[in-house]
Structure formats: C-alpha cells, structure tokens
Amino acid sequence: MKGEKYETLGTNVLPVNYNIRFDTNLKTFRFGGSEKVKVSIKASTRKILLNAFELQILHASVKSREGVQKAKITYNKRKKQVALKIGNPVSGDVVLDIEFTGTNNDKLYGFYRSQYDENGKRKYILTSQFEAAYARAAFPCFDEPSFKATFDISMIVDKDLEAISNMPVKSVSPYGKDRKLVSFGTTPIMSSYLLYLGVGKYDRVSSMLGSIKVSVLTTPGKRALARLPLEYGKKFLKYYNDYFGIRYPLPKMDLLAIPDFSAGAMENWGAVTFREIALLGDKKSAVAIKQRIAEVIAHELAHQWFGDLVTMKWWNDLWLNESFATFMSYKAMDAVFPEWDMKTQYFDDTIATAFSADSIRSTHPISVHISTPEDIESIFDEISYEKGGTVLHMLENLAGPETFRKGLHIHLKRHAYGNATKYDLWKAIAEASKESRGRVHITKVANYWIDEPGYPIVNVNQKGKSLELGQKRFMILEERLPKRQVWPIPIYYISENRDKPQFTMLSKEKGAIALHGTGWAKLNYGQHYLYRVRYPQAMLAALGEQIELKRIKGTDSWGVENDLFVLARSGRITMNEYFDFLEKYCLGDIDYPLNMGISSHLGWFDLMLTGKEEHGKVNALMLKYYGRIVDRLGWQKRKDDDNITVMLRSAAISSLGKAGHKPTIEKAIRLYERFMRGKAIEPDIKSAVIGIAAWTGDEKRYDQMVMRYKHEKAPDDKRRFLQALGMFRDNALVTRSLKFSYTKDVRLQDAFLLPAMISSNPAGMGMIWEWTKENWQFLLKKHDVGTHMMDRFVENLSSTCTTKRRKDIAAFFSRKDNVRGDIKLTIQQTLERIDANINFMKKNGIE
C-alpha cells in the first residue's frame, strides 16, 4: 500500500506502567484524567513523543532522578501526536505526570457513550473501542502494538454505577457525597489497544471455570439472553486452555453486550465487547443465530492467546491475530459441538470467501506494508481474516494437526507477554515438524502464500496416462498479469485408477503427474489448498458423473462446481456451459457444501441478470433446484435435522419465494400474518418468512414492519425487521428505507444495513448509486476512519454492470474530497469487480 510514511514514536522511550485515573460523568459526557506513566529512556532526550487525539492536555511534567521539570506541550493533529519538551535532557527511569480531559463521543471509537432504552427512558453506558489506534482518544499513550506495559486503572463513577476494566476490582472507596472510586488490579503486560473502560448499569450472569470467573454482562432487562453465551464462553475457554497448553492467565473473563458498537466484537483482554446481535441469544434462537454467537465468542477468546498474550509486532502482521482467531474459532466449535460439522462449514464460510476476495488485481498480500494510519483500518478485511485463515488451514494440513498444534505451543510459550512476527511462527512450526512430511515444504509454502497477493489456477491437459499441469495467477478479470508468479502448490489428488490419494508439489510453471490409466483425476483432493483447477471438457464431464453418482462428494464436489462457476463468472466459459453442468449432474439429492455453494452462485446470476432476457433461464433453474430441496425437506424442522439441513431449508424457502413460486409465497404470508398476531413460528424459517413478506409487500405491510422494528426488543428479530425494510420492491418504499437508515430509530452501527440490502434488491440496484452520491459527504462525516463503515457503502456499488454507471462512479471517486485513506483500496477493488461484471455481460452477449 502506497501513501505517506507512517511515523512511529520510535524506540528510545518505552512505557513500563500506566497508572491512570478517569473521572467520568454520564450527564455531560466529559471525562477528566490523570496519569503517571513510568517509562524507560535509552538515550538522553529533551523531547518525549506520545499519541493523543481529541484530548486537551492541561498539565504535563517529567520526573527523573534529577528532579521534576514542567513540560511544554506541542500538538501535531495530523499525526495524532503530542510532544512533551523539557529544558534538561533525561534518561533511564522516568515518570510522566499528565492531566487531561476528553469527550465521550457518540462515534463508536475511543472512550465513547452508548445508549439504551429502559422502561421508555433513554439511558447510557460508557464503553471503549481502542483498536487499532484509538486508545490515544482516551488518554495520552504510546499507542503502538509493540509498546507493551502494565496498567493500573481507577475510575470515579456515580455510586449506583458499575465500573469495568480488564482486571477484577481491587478496591472501592467513597469519593465525595454521591460518587465512588473504583480501583482495579494491575494488568499483565499488554498493548494499549487491548485496554477496556466501561461504566454503567448492567445485568450479569456468572459462573466459575476453575479459578476463572466467567461473566456475561448486558444492559438492564436482557439477562435471559446471557445464559447461552455464558455456556459457550466457558466451553471455548476450557478448550483453548487444553489446546494451547497454556492456561488463560487472567482471573476473570467478562463478555459484554454493547448496544452501539462498530465492529462485531473486540478482544480486550479479560473484558471482551460484542454487538448485542453477536452475543445475546437463548436455546430457542435460530440455529444460524446460535452458530454465529458461538463463532464470534470462539473467535474473540482465541485472541486471548493470539493477539493478547502474543501480539503482532506491527500492523503488517495483523493477520497473525485475525487469521488465527478465524481458524481457531472453527476448530474450537468443531471440537465442542461436533454435531454442527464446523470443519466442513469452514469451506463454504471461510475458504470460499478467501477465493472471492483474492481473485482481483487490487488485492493485497496477507502480510502487507502499512504506510499510513488509514492503511491500518483498510486491512481489517477478508484477506487478513479469511485468506489468512485458509492459509493456516493449508499449513496445518501440510504439517499435520498434532505437529501444527505443537508448533503453536512453542510459539506462544516463547513469545508470551511479548510481540512476534510471521517468521517467529514459521520457525516454531518448523521446529515441531522435524519428522513430518511438512518439514520440507512448510517454510517455503508459508512465506510465498503470506507474502504474495493472489492465488493460482492449475490448468489440466490430459496426455494419455499422464496429466500436464500448468499454473498461473487467477483473476476474475483476465488480463495481462502484473508480474510472473509461481507458487509452491501442494498437489493432492485422487484418480479413477488408483485407490489411495497421491501427493506431489508443483513448484514450477509446468509439471506432470502419472495417472496409471486414462481415466479422470480430481486435483486438490479434500479442497485443503487455495488454488483453482480447470479440467479438460471430457474430464469435467467424467467428474460430473462421479458427483451425480455420489462417488465424489462433500468438499470435492463443492470444489469442482466452485471452480466451474468462477470460470463462468470471469467469462472463460459461457454461463450456459455452467447451467448445463448443473442440470446434468447437480440437481439431485446433493450434499453439503455443494448445495449451499450452488445456492450462492444462483443468487449471483439472479442479481446480474435481473431485467435481462436471459433472467428467465436462471429463474427456471432456481424454481427447479429450490423446489426439489423444499419438497424433500419440507417446512417443519425434524428431530434428526442437523444444523446444515436446518439452514439449507431456510435458504431454499427464501430463494423459492423470491423466484416467484406462488405456493411458497402464499404459505409464507400465512405464517407471517400468524406471527404478527403473536403466534410463534419456527425460529429457523423466521427470516425467510419475513423476507418473503417484504419481497411481496405493499405500503401497509411496510408500515407494519417499521412499527414492529421500532418496538422489538429481541436483537435477532429487530435485525430481521430492519433488513426486511430493504427488501420491498416498490421504488417509493425503497426511497423511504434509504431515508429511514439515518433517522433516530436506527443506531449508527446499523445504518449500513438498509443500503446494503437495497444494493442487492433488483428494485434498488439502480437507486443505490444516486443515493450514495447524493449523501457521500454526509456519510464521510458520520463514519470516522476507526468505525470500519465507509468501505461498506463503496462495496454496495459492486453489482454495477453498465459502462455508463462505471464511468460515473470512477469520475466521482477521482475527486480528492470524495476519497479517504481507509477506503482507497475498496474503491479500486469495487471498480475492478464492476469491470468483471461488464466483461461477463459482454462475453455472454448480454445487453
């Protein structure tokens, strides 16, 4: 990533301990602070740099062995830094004494305020979000991940409020007439972005896991939705203790449901914060909701080791945090809930996302150079999470699960309470893999796949009893490649004439494998590796027959179909060739994840072809495909249904209704009306029913859903009704929804939802760009860099498929005042996807 150089604070002054007192006020939302920061200074200096943002520093002094010096305070707003300048140089052990004030903003970063409703009255809590670089908005600090220190936190709060931080409360003492001083225990050595500050009234459920107190905290009135996440949290914490071989080191673990929160969750050490929708639920919640809650909890608890105990040295290795949490969350869920089959869901959830995100020229390597503060925010994306998680899955497969686990233990133990880089990790895994087949390949594969953007496609050509293989980088917009890339590709394959899978490496542009016959071969057996395969036509037909006969199934059938779809999406084959393959081989009783993969791909064609003559063919295919699924599964959950079946049923009903299947629409409307009269319906089809009701609804039904959304208390149902408002197809109602997204009734954290839903609604696709363009400057002001929101509004434009609109979008973002550092990359990627859409239309002769 290119841009102005990110200027760090340097390494001459290192923090050792922060002792900070915050004086809070939930009426004015102004806070005062005083801190004593113990630092170690290597070389004598008269200037000490810290990070500070939106703070007013009232006083600062520097105490050394020579005495106390008052500091001159100089701000650099652009760099979000403050300089403390003194007359006489200091070195060695020094204490910085700083007094400051700040604001509890409503912009979802720093030490901010969040509102909730209690008995019709608006109430507030204070909470914090410091990743990546917003601890500096709460207190002057050394706000970089390598600057680890201990923290002694105390807070002055009203006596009827609770204060929460990373450690348990150490003492509470009266402070004036109606206030109290709450002091917390000293934290372990940790980075500033992991500190947590919370103040408010909470409902709490708690339980012990050995000596660790595990709690779920909610705003008042939601205690009943806290017991399920408490159960999940204890189970995952126990699993990680066992798996990593290093016990969770803090005495407590709080999981906090925050009403207003920009991210999904945040791994503050010992005080993890979540959106309410990502944490709260009960046994009656839909399967998809329960899985999502479990996934987010497992992800954040994995961070307590990867991210908190051992932290990346700098943000270029953010993936070390996020990809491990992504990878480990599915591993933990599969171990704790084996009946969910999360190891297979990982393919359609994570690996499929990695394939899509990394298929464009403007992608970036997993380990990426960071040039500006905005660059940090822009890499919280599918590459750092899903592609990183996919590569870890590859490495585990190469090294072997136990060897990989042993390597992680070595890495965590060696770098506990410190910082690490990717090279430290590879070294640890290599040490652990002395006798495994992975030792030869692990470092070579890891370095290339982490440091290089993109992934390859392997082209197969059959020559008698051997296969000729050729590799090159795959991109959905086929053009001249940016540079020559040759990946070390693990080729794990099965063939018609050999009983056991075979393994080799393709480390050059071309290679060959022996088949011991002239039949078919399926490369990337098990789909464990991040590359696509293009088969010759005769072999593809033979593989299709094996899929139809269920001799190739599971992830392998998914892989064949997935690779074929992307060849159609990129214009390398026609869409009719893809549709023909589906109709010949994939419309029977196929298994997961192939069935979900096809569902996703039919949805893409449905969106692209809406309003075109060719749409009739995809709609007919959808009616046939989803009709067979619903006929087989029915509408009612059965006792022996696994999670995948339950979610497939819901997806099929929803898609069948949107495809215009009259009996499905009529049944959905009956169930919807029953639900609105207060009758229960099956939780797992509730989203499908409400969605179909909106899809076919009029203004009266729209008004009904608005009222239900406003008064709904359950986080999952509230989200369902808000999303449904983006599914009405009347243009006037689409306009109303876009306006509604920024009213007082929609939280800032949820404002992106309606535009996102409308961008995939055929009635709204043409309107979303005009709305975005008209409201762009408002959106930029509303969503600060640290909220990770603005890229979503850019991504909403990625279904554009006309040259005229593409030119308009490009011209709009060519103007400097419409671009910000955190969305530069997303703009490039969106324009590239639009170009690929236009190319798809052209290759298929669609006007």
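**Backbone exceptions, buried positions and helix packing**

At 46% relative accessibility, glutamate 54 counts as partly exposed in this predicted model. Glutamate 54 occupies the loop that links β2 (30-51) to β3 (56-64). Although glutamate 54 is a residue other than glycine, its phi is positive, near 55°. Most residues other than glycine have a negative phi, and most peptide bonds are trans. Leucine 108 likewise is not a glycine and has a positive phi, of about 75°. The loop that holds leucine 108 runs between β6 (81-103) and β7 (110-118). Because its relative accessibility is 3%, below the 20% under which a residue is called buried, leucine 108 counts as buried. Of these two loop positions, then, glutamate 54 is partly exposed, whereas leucine 108 is buried.

Cis peptide bonds were also found. The bond from glutamate 131 to alanine 132 is cis, with an omega near 5°. Alanine 132 is placed in the loop between β8 (121-129) and β9 (150-158). The bond that leads from tyrosine 592 to proline 593 is cis as well, and its omega is near 10°. Proline 593 belongs to the loop between α13 (575-585) and α14.

Helix α14 itself covers residues 594-609. The 16 residues of α14 reach 22 Å from the first C-alpha to the last, close to the 22 Å expected at 1.5 Å a residue. Of these 16 residues, 14 are buried, so α14 is largely enclosed by the rest of the structure. Glycine 611 follows α14 and has a positive phi, near 85°.

Packing between helices was examined for two pairs. Two packed helices are described by the angle between their axes and the distance between the axes. For helix α15 (residues 615-633) and helix α16 (residues 643-658), the axes come within 9 Å and cross at roughly 135°. This angle falls neither over 145 degrees nor in the range from 65 to 115 degrees, and α15 and α16 are therefore oblique to each other. The crossing in which α15 passes α16 is left-handed. On the α15 side, the contact is made by Met622, Leu623, Tyr626, Gly627, Ile629, Val630, Arg632 and Leu633. These residues meet Thr645, Leu648, Arg649, Ala652, Ile653, Ser655 and Leu656 of α16. By class, the residues of the contact of α15 with α16 comprise ten nonpolar, three polar and two charged. An α-helix has 3.6 residues a turn, so residues three or four places apart point the same way.

The second pair consists of helix α4 (residues 318-336) and helix α9 (residues 422-432), whose axes come within 9 Å and cross at roughly 55°. Here too the helices are oblique: the angle of roughly 55° is not under 35 degrees and does not reach the range from 65 to 115 degrees, and α4 and α9 are therefore classed in this way. Trp319, Leu320 and Phe324 of α4 meet Lys422, Leu425 and Trp426 of α9. The residues of the contact of α4 with α9 include five nonpolar and one charged, with no polar residue.

Two aspartates within helices were found to be buried. Aspartate 563 is part of helix α12 (residues 554-569). With a relative accessible area of 5%, aspartate 563 is buried. When neighbours within four places in sequence are left aside, aspartate 563 is in contact with Arg532 and Val533. Aspartate 375 is located in helix α6 (residues 373-378) and, at 6% relative accessibility, also counts as buried. The C-alpha atom of aspartate 375 is separated by 5.9 Å from that of aspartate 822, although the two residues are 447 residues apart along the chain.

A wide separation is illustrated by asparagine 12 and leucine 582, whose C-alpha atoms are separated by 63 Å. These two residues are 570 residues apart along the chain. Asparagine 12 is situated in the segment before β1 (13-23) and counts as partly exposed, at 26% relative accessibility. Apart from its neighbours within four places in sequence, asparagine 12 is in contact with Ser40, Ile41, Lys42, Ala43 and Thr45.

Terms used:
Residues are numbered from 1 along each chain as its sequence is written. This is a predicted model: local features need pLDDT of at least 70, side-chain atom pairs count only at pLDDT 80 or more; totals for chains, interfaces and linings use all residues. Side-chain values use heavy atoms; hydrogens and water are left out. Axes are lines fitted to C-alpha atoms, for helices over the stretch in contact, and angles run from 0 to 180 degrees between N-to-C directions. Helices (H or I, at least four residues) and strands (E, at least two) are DSSP runs, numbered from the N terminus. A crossing is left-handed if the near helix is turned anticlockwise from the far one by less than a right angle, and right-handed if clockwise. Contact means heavy atoms within 4.5 Å. Ala, Val, Leu, Ile, Met, Phe, Trp, Tyr, Cys and Pro count as nonpolar, Asp, Glu, Lys and Arg as charged, and the others, Gly among them, as polar. The expected span of a helix is 1.5 Å times one less than its number of residues. Buried means under 20% relative accessible area, exposed over 50%, partly exposed in between (1.4 Å probe, protein chains only).
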